[in-house]
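User: Please take me through the interior of this protein, with a brief look at the loops too. Which residues matter to the picture, and what cut-offs lie behind each term?

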Amino acid sequence: MKKIIVTIVCLVFSSVMFSQKMMTRTGEIKFDATVPGAMDPVIATNTTASSIFDKTTGELVVQGMVKSFKFKSPLMEEHFNENYMESDKLPKTSFKGKIVGYDGKAGSYEVDGDLTIHGVTNKVKTKVAVTNGGGKVSISGTFTIKLNDYKLEVPAMAKKTLAETAKISIKLELEDKK
């Protein structure tokens, strides 16, 4: 009986010690498609993105609900959801990939994976900064996409405000998955 209890305790502790998955439900994704010099910035922020990061493999998954992107202007938010992103039909954006060569140390790494926006998936390769501390891993980075690569068309009357490219920024503060 004593051996069984010791074995169970060892198994429980080993699974806790080797659990390498980290997560957040408060990740930030920022979308900026402002034309330089435009009077109205086209910037939205989503602070409820979910993410899981596996420290042993470097695999990273990030998902955000389209309707969670908040703009300064409610009208701009409405146009974003109804006219461009069609958030009722296509409610999520996601990234699934890997931080290449992640070795558990802070630094600059390349991330490579699939970005899905508006139901269209494209390969993305960019740099991210990874920091560690206090039992957390922080991942941040910025990259640019072409809107038409994701079947997002900029109408002629919006070209003075809405750029044909968007800068996407992410900030993730991940903690051990419980």
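Analyst: Strands here are DSSP runs of E with at least two residues, numbered from the N terminus. The model is predicted: local features need pLDDT of at least 70 and side-chain atom pairs 80 or more, while totals for chains, interfaces and linings use all residues. Residues count from 1 along each chain as its sequence is written, and side-chain values use heavy atoms, without hydrogens or water.

Start with a loop. K151 sits between β8 (136–146) and β9. Its phi is near 55 degrees, positive in a residue that is not glycine. Most residues other than glycine have a negative phi. K151 is exposed (over 50% relative accessible area, 1.4 Å probe, protein chains only), with a value of 60%.

H118 has a positive phi as well, about 55 degrees, and is not a glycine either. H118 belongs to the loop between β6 (107–117) and β7 (120–133). Is H118 buried or exposed? Its relative accessibility is 10%, so H118 counts as buried (under 20%).

Now the core. The largest nonpolar core (buried Ala, Val, Leu, Ile, Met, Phe, Trp, Tyr and Cys joined through side-chain atoms within 4.5 Å) holds 42 residues. F31, L60, I99, I139 and I145 have the most contacts inside this core. Strand β9, residues 162–176, supplies the largest share, 6 residues.

Take I99 from that group. Neighbours within four places in sequence are left aside. I99 is then in contact (heavy atoms within 4.5 Å) with F53, G58, L60, Y109, E110, V111, V128, V130 and I139. Two of these partners, L60 and I139, are also among the residues with the most contacts inside the core.

Next, the enclosed space. A cavity is a set of points on a 1 Å grid over the protein atoms alone where a 1.4 Å probe fits but cannot get out. The whole structure has 1 cavity of 30 Å³ or more. About 310 Å³ of space lies in the largest cavity, counted as the space filled by probe spheres on the joined grid points. Its lining (residues with an atom within 4 Å of a point) comprises 27 residues. I29, L115, F143, I168 and I170 lie nearest the centre.

Which elements give two or more residues to this lining? They are β1 (21–34), β3 (59–65), β5 (92–100), β6, β7, β8 and β9. Strand β9 thus appears again: in the cavity lining, and with the largest share of the core.

How values were computed: Helix = DSSP H or I, 4+ residues; strand = E, 2+ residues; numbered from the N terminus. 1 Å grid on protein atoms, 1.4 Å probe; cavity = no way out; pocket = protein on both sides within 12 Å on 5 of 7 lines; lining within 4 Å.
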